[in-house]
Amino acid sequence: MSILRTVDLTRSFGSLLATDSVSLDIQAGERHAIIGPNGAGKSSLLHQLGGQLRPSSGRIYFKDSDITGLGPERICRLGISRTFQTSNLFSRLSVLENVRLAVLSRRGNPLAPFVPLARLGAIEARSLEILEMVGLAGRKADPVRNLSYGEQRQIEIAIALATEPELLLLDEPTAGMSPAETARMIEFVARLPRTLTVLMIEHDMQVVFSLADRITVLHYGRLLATGTPGEITANKDVQDIYLGSAH
Amino acid sequence: MDEKAAAERPARAIFASGDRFARAAPYAGLVLCAALALVPLVLGDYGRSLVAEVLLYCIFAMSLDLLMGYTGLMSFGHAAFFGIGAYTVAVLGVQFGLHPLLGMLAAVVLASLCAAVIGFFCIRASGVYFIMLTLAFAQLLYSVVIRWRSVTNGTDGITSPQLASGEATYYVVLAFFLIVYFGLRRLVAAPLGNVFIGIRENEMRMRAAGYATARFKLLSFVIGGGLGAIAGALFALHNGFVSPGVLFWMLSGEGMVMVILGGLGTLLGPIVGASVFIILKHLVSIYSSHWEFIVGATFIACVLFFKQGIYGWCRELLEQKSRP
């Protein structure tokens with residue numbers, strides 16, 4: 001069953017086509033990686049799926065309903081959450097407060113004006129549960145800006161998961177991480193339940209090949225190839241853009 | 001042992017409280033409340049009137065702090081709501097003989113409606129455009145009040161109905177000061193206040209987490225406007241006279257100075273800021289007509305040396321002392 005489909009998705013910046021008639025079909029439960037050289041339009045594509053960027057033309061369907069042009073908050077409420085490439089957190093708030101805001105969005109009543117948030121046990125417990133999951137419960141009281149870069153990336157994912165998505169979009173989850181942190185991130189994503197679909201942009205081929213069921217290659221905004229890791233490594237066009245036109 | 005204690009401390013990263021400070025705060029608050037309650041018995045008419053003025057500007061500053069300090073909305077037009085509050089009480093009192101406390105209720109309703117309309121347009125903009133739009137709307141109201149002579153008496157101003165005695169006015173102001181302070185205290189700790197703080201910290205992230213931030217910003221603007229009108233209505237009661245100055249941009253600017261002087265996003269800070277501002281204004285204007293100069297210099301010094309305002313600086317000092 002397909003969970004996310006794009007049809008001829010196109011986004012132009014002036015005369016530059018950042019996304020050029022991209023048609024994707026992501027299956028429910030799949031781990032799908034989008035790769036491509038710098039400037040291939042990976043981030044622009046993800047911004048359109050997350051609602052941060054409006055497509056110029058084409059459509060996006062999530063579980064067969066048209067979500068083209070909806071704002072990020074609507075898309076999140078429908079069940080798509082994302083992380084950001086550079087940490088995009090509430091850096092002055094504590095680790096717990098960061099995750100709690102996302103939990104509140106899904107499970108609480110954000111309009112409640114008088115009951116202290118810290119006293120809402122269910123939300124507190126759920127936030128701690130998510131922090132346990134990413135292994136940061138011990139640092140719940142620290143301001144996020146005091147965390148290491150790798151830990152901040154984990155908070156990114158914790159916030160995205162706290163909104164309980166069906167589709168998780170990861171924007172270069174291991175960018176800037178040490179090899180040890182990368183290995184931990186791979187393990188973490190691999191352990192996510194299969195009820196969750198994961199679509200990621202990634203530069204690190206080790207990450208891509210250890211996680212992805214299928215890979216899509218973008219080149220100058222166009223979809224070059226989609227297939228299993230085996231198919232992609234065997235693909236002549238892909239070899240050309242990644243290895244240079246050496247033949 | 002220390003680590004365990006640190007882990008058990010409630011997670012409040014921005015203003016993580018030193019233990020001694022947190023324990024002393026309720027007692028200090030009680031003493032302050034008692035002192036405020038005794039003011040009319042101890043101080044003379046002038047003192048009582050000065051404290052009442054300080055308290056009503058504290059309400060004004062706190063309501064602006066909800067916008068500036070908690071939601072990150074740098075409103076430069078907050079005088080609009082103060083002015084609506086003051087004029088509603090005065091005009092309804094003069095034209096229809098309405099009791100000022102009922103007038104106050106009408107003022108809050110009217111100001112909230114105006115805030116909804118003004119906010120609807122302003123929150124679409126951000127940064128300096130937001131600042132300019134809020135200023136423009138406030139100035140618009142200012143010119144309406146000046147031109148609409150039949151109702152407002154233009155630049156001459158109008159008298160406002162007052163309560164039976166200065167003492168009664170004082171206690172009404174004090175009551176509203178306490179209600180607004182404790183109400184806002186609750187609000188900023190509640191889910192709604194946390195959403196406001198989230199928007200201040202990172203609006204884009206809040207949207208990606210499913211929050212329709214525009215609606216929450218509008219809600220904050222409406223609440224801030226309604227509370228600002230309480231301050232204005234109390235000013236009318238207290239002063240007995242309202243002139244267009246209550247809608248002028250200078251009051252908006254003074255409000256911002258009070259909030260920043262005391263410390264953004266702390267509620268207690270704006271109370272400190274408003275108190276220092278009003279008391280300086282009265283003290284200095286006895287000796288010199290250039291009181292703005294002194295207040296301005298104080299403001300510059302505070303911004304340069306106490307980055308988190310007077311209150312933030314005091315708090316930091318106390319926390320350092322309470323550390324072993």
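**Entry 1: B:S160**

I began with B:S160, which counts as buried because it has 25 C-beta neighbours inside 10 Å, where 20 or more suffice. The model I am reading is a predicted one. I placed B:S160 in the loop that runs between β1 (158-159) and α8 of chain B. Leaving aside residues up to four places away in sequence, I listed what B:S160 touches: B:V89, B:A90, B:G93, B:A236, B:L237, B:N239, B:G240, B:F241 and B:V242. I also looked up B:P100, which is 60 residues from B:S160 in sequence, with the two C-alpha atoms 8.2 Å apart in space.

**Entry 2: α10 of chain B**

Among the contacts of B:S160 is B:G240, and I found that B:G240 comes just after α10(B) and takes a positive phi of about 75°. I then turned to the helix itself. α10 of chain B covers residues 213-239, 27 residues in total. From first C-alpha to last, α10(B) reaches 38 Å, close to the expected 39 Å at 1.5 Å a residue. I asked how many of the residues of α10(B) are buried. The count is 24 of the 27, so α10(B) is largely enclosed by the rest of the structure.

**Entry 3: α8 of chain B**

On the other side of the loop that holds B:S160 is α8(B). I noted 24 residues for α8(B) and a reach of 35 Å between its first and last C-alpha, close to the 34 Å expected at 1.5 Å a residue. I recorded the buried residues of α8(B) as B:T169, B:Y170, B:V172, B:V173, B:F176, B:F177, B:V180, B:Y181, B:L184, B:L187 and B:V188.

**Entry 4: α3 against α11 in chain B**

I checked how helix α3 (residues 45-71) of chain B passes helix α11 (residues 249-262) of chain B: their axes come within 9 Å and cross at roughly 75°. That angle makes α3(B) roughly perpendicular to α11(B). From α3(B), I listed B:Y57, B:F60, B:A61, B:L64, B:D65, B:M68 and B:G69, which meet B:G255, B:M256, B:M258 and B:V259 of α11(B). Sorted by class, this contact has eight nonpolar, two polar and one charged residues.

**Entry 5: where the chains meet**

I next looked up the interface and found 26 residues of chain B in contact with 37 residues of chain A. Which elements of chain B each supply at least two residues of the side that touches chain A? They are α1 (2-8), α8 (166-189) and α9 (191-208). The largest share of that side, eleven residues, comes from α9(B). By class, I have the side of chain B that touches chain A down as 17 nonpolar, four polar and five charged residues.

**Entry 6: each chain as a whole**

For chain B I noted 14 helices and two strands. The radius of gyration of chain B is 20 Å, which agrees with the value near 20 Å that a compact globule of 324 residues would have. The C-alpha trace of chain B spans about 70 × 50 × 35 Å along its principal axes. Buried residues make up 51% of chain B. Of the contacts in chain B with a separation of 6 or more, 78% join residues 24 or more positions apart.

For chain A I noted nine helices and eleven strands. Its radius of gyration is 19 Å, close to the 18 Å that the globule rule gives for 247 residues, so chain A is as compact as a globular protein of that length. The C-alpha trace of chain A spans about 65 × 40 × 35 Å along its principal axes. In chain A, 45% of the residues count as buried.

Key: Residues are numbered from 1 along each chain as its sequence is written. Chains are lettered from A and ligands numbered from 1 in the order in which they are written. This is a predicted model: local features need pLDDT of at least 70, side-chain atom pairs count only at pLDDT 80 or more; totals for chains, interfaces and linings use all residues. Two residues are in contact if their C-beta atoms, placed from the backbone, lie within 7 Å. Helices (H or I, at least four residues) and strands (E, at least two) are DSSP runs, numbered from the N terminus. Ala, Val, Leu, Ile, Met, Phe, Trp, Tyr, Cys and Pro count as nonpolar, Asp, Glu, Lys and Arg as charged, and the others, Gly among them, as polar. Axes are lines fitted to C-alpha atoms, for helices over the stretch in contact, and angles run from 0 to 180 degrees between N-to-C directions. Angles under 35 degrees count as roughly parallel, over 145 as roughly antiparallel, 65 to 115 as roughly perpendicular and the rest as oblique. The radius of gyration is taken over C-alpha atoms; the globule rule is 2.2 Å times the number of residues to the power 0.38. A residue is buried if 20 or more other C-beta atoms lie within 10 Å of its own, exposed if 12 or fewer, and partly exposed in between; C-beta atoms are placed from the backbone. The expected span of a helix is 1.5 Å times one less than its number of residues.
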